[in-house]
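Here is a short report on one protein model. It moves from overall build to charged pairs, backbone and buried side chains.

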Amino acid sequence: MRPIPALLLLAAAWTSAVAARDVPAAPAVTPLGANLEKFDYPYPVQWFESSSQGAPVRMAYLDVPATGQVNGRTVVLLHGKNFCAATWQDTIGALSKAGYRVIAPDQIGFCKSSKPAGYQYSFRALGALTAGLLDKAGVGKVTLVGHSTGGILAARFALSYPDRVDRIVLVNPLGLNDTLAQGVPYTDLGALRQEEAKTDAASIKAYQLRNYYHGAWRPAYDRWVAMLAGQYASPDGDIVRDAQARLSDMIETQPVAAELDRITAPVTLIIGQRDLTAFRANTAPATVRDRVLTVPRAAEGAVERFPHAGLIRIPDAGHAPQVEDPAGFNAMLLAELR
């Protein structure tokens, strides 16, 4: 399952309209609530009520029907750690117009969904809740599109529920390499909480500028910085900080790198080549830091370990091509799904 010429042409034609320039200061921050109560999503929010680890939880999700000629297929969009269901807004619109039903959840611990105190986050737990949401929505087999941390979840879901997945698209996913094995020191929950205590709009923007957008910033990105920073700045922001620390622990300790050969569904990797993300590599000793693979470097080896996979490289994109160039990304995704 290698990229066909049309996809190669799309990848080759990908251009970035971003020009490197002085980056304005981080946006003004409005407290939005730990569950983004004061942040509007581009489509109506629905709720999946369930229980997990003995406590009630609820997941926010978007369920957008096809507006074009219905093709009977459902695409589930799985967001990354610094993203939410809302961040998929342009992709949702393109998929819906092309005839797909689109479901985009906020995972437990993120965005508008519950953040239970003391919760032990795992990709298996998130996968089980996502499966329950799909049961409630009356959805059978789906196409998974997982971005960043959502890529690990997509892979884990496919391993746990192989009969529910017809294909997978991984967009700059984490978890294709074991960063701890490559030299990143384990950071315990207490230290992760201390790091989260320093997170604000300026630090979020600086991190994304360097790792996601290769030094070029667009004003449109400020909305997503304000979304994240607005959670931290809320009176109940410590709930967010604790959840984010626990989620970081989940990511650093639960890669899927060793299990890629067990994923039976066809996989397409869509990888922005200018992505500098290598989870927590900045904490590794300088002498081993180069051993910690960035997402594009990890993808080069991972594509050979999936039983059925292809790799589409986007030369001028970073970690979030669906945000950086929605039109280009959506055209590429739709061509691949067809």
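Where is the place of Arg-280? Arg-280 sits in the loop between β7 and α9. This is a predicted model, and Arg-280 comes up again below under both salt bridges and backbone angles.

## Overall build

The protein contains eleven helices and eight strands. Its radius of gyration is 19 Å, close to the 20 Å that the globule rule gives for 338 residues, so the protein is as compact as a globular protein of that length. The C-alpha trace spans about 45 × 45 × 40 Å along its principal axes.

Of the 338 residues, 59% are buried. Among contacts with a separation of 6 or more, 81% are between residues 24 or more positions apart. The accessible surface comes to about 13,500 Å². Carbon and sulfur atoms hold 53% of that surface.

## Charges and salt bridges

The protein carries 33 positive and 31 negative side chains. The centres of these two sets lie 2 Å apart. Side chains of opposite charge can pair when their charged atoms come close. Here the count is 14 salt bridges. Three of the pairs are listed below.

| Acidic residue | Basic residue | Closest N to O |
|---|---|---|
| Asp-135 | Arg-164 | 2.9 Å |
| Glu-195 | Arg-280 | 2.8 Å |
| Asp-238 | Arg-241 | 3.9 Å |

Take Asp-135 and Arg-164, whose closest N and O atoms are 2.9 Å apart. Asp-135 lies in helix α3 (residues 123-136), and Arg-164 lies in the loop between α4 (149-160) and β6 (165-171), so the pair ties together parts that are 29 residues apart in sequence. Why does Arg-164 count as buried? Its relative accessibility is 16%, and the cut-off for buried is under 20%.

Next come Glu-195 and Arg-280, which meet in a salt bridge of 2.8 Å, N to O. This pair links distant parts of the chain, 85 residues apart. Glu-195 belongs to helix α5 (residues 189-196), while Arg-280 is in the loop between β7 (267-272) and α9 (295-302). Is each partner buried or exposed? Glu-195 is partly exposed at 36% relative accessibility. Arg-280 is buried, at 11%.

Asp-238 and Arg-241 form a salt bridge within one helix. They are three residues apart in helix α8 (residues 237-253), so about one helical turn separates them. Asp-238 is exposed, with 60% relative accessibility. Arg-241 is buried, with a relative accessible area of 16%.

Salt bridges also form a network. Which residues are linked in it? They are Arg-156, Glu-259 and Arg-262.

## Backbone angles

Most residues other than glycine have a negative phi. Cys-111 has a positive value, with phi near 55 degrees. Cys-111 is placed in the loop between β4 (101-105) and α3. This residue is buried, at 3% relative accessibility.

Arg-280 also has a positive phi, near 65 degrees. So three features meet at Arg-280: the positive phi, the salt bridge with Glu-195, and a buried position with a relative accessible area of 11%.

## Two buried hydroxyl side chains

Thr-130 is found in helix α3. It is buried, with a relative accessible area of 2%. What does Thr-130 touch, not counting residues up to four places away in sequence? Its contacts are Met-59, Gln-107, Leu-153 and Phe-157.

Ser-248 is found in helix α8. Ser-248 is buried too, with a relative accessible area of 6%. Leaving aside neighbours within four places in sequence, Ser-248 is in contact with Lys-81, Leu-192, Glu-196 and Phe-279.

## Picking out the pieces

Two helices recur in this account. Helix α3 holds Asp-135, the salt-bridge partner in the loop before β6 being Arg-164. Helix α3 also holds Thr-130. Helix α8 holds the pair Asp-238 and Arg-241, and Ser-248 is found there as well.

Notes: Residues are numbered from 1 along each chain as its sequence is written. This is a predicted model: local features need pLDDT of at least 70, side-chain atom pairs count only at pLDDT 80 or more; totals for chains, interfaces and linings use all residues. Side-chain values use heavy atoms; hydrogens and water are left out. Helices (H or I, at least four residues) and strands (E, at least two) are DSSP runs, numbered from the N terminus. The radius of gyration is taken over C-alpha atoms; the globule rule is 2.2 Å times the number of residues to the power 0.38. Buried means under 20% relative accessible area, exposed over 50%, partly exposed in between (1.4 Å probe, protein chains only). Contact means heavy atoms within 4.5 Å. Accessible areas come from the Shrake-Rupley method with a 1.4 Å probe; for residues, only the protein chains shown count as cover. Lys and Arg count as positive and Asp and Glu as negative; His and the chain ends are not counted. The place of a charge is taken as NZ of Lys, CZ of Arg, CG of Asp or CD of Glu. A salt bridge is a side-chain nitrogen of Lys or Arg within 4 Å of a carboxyl oxygen of Asp or Glu.
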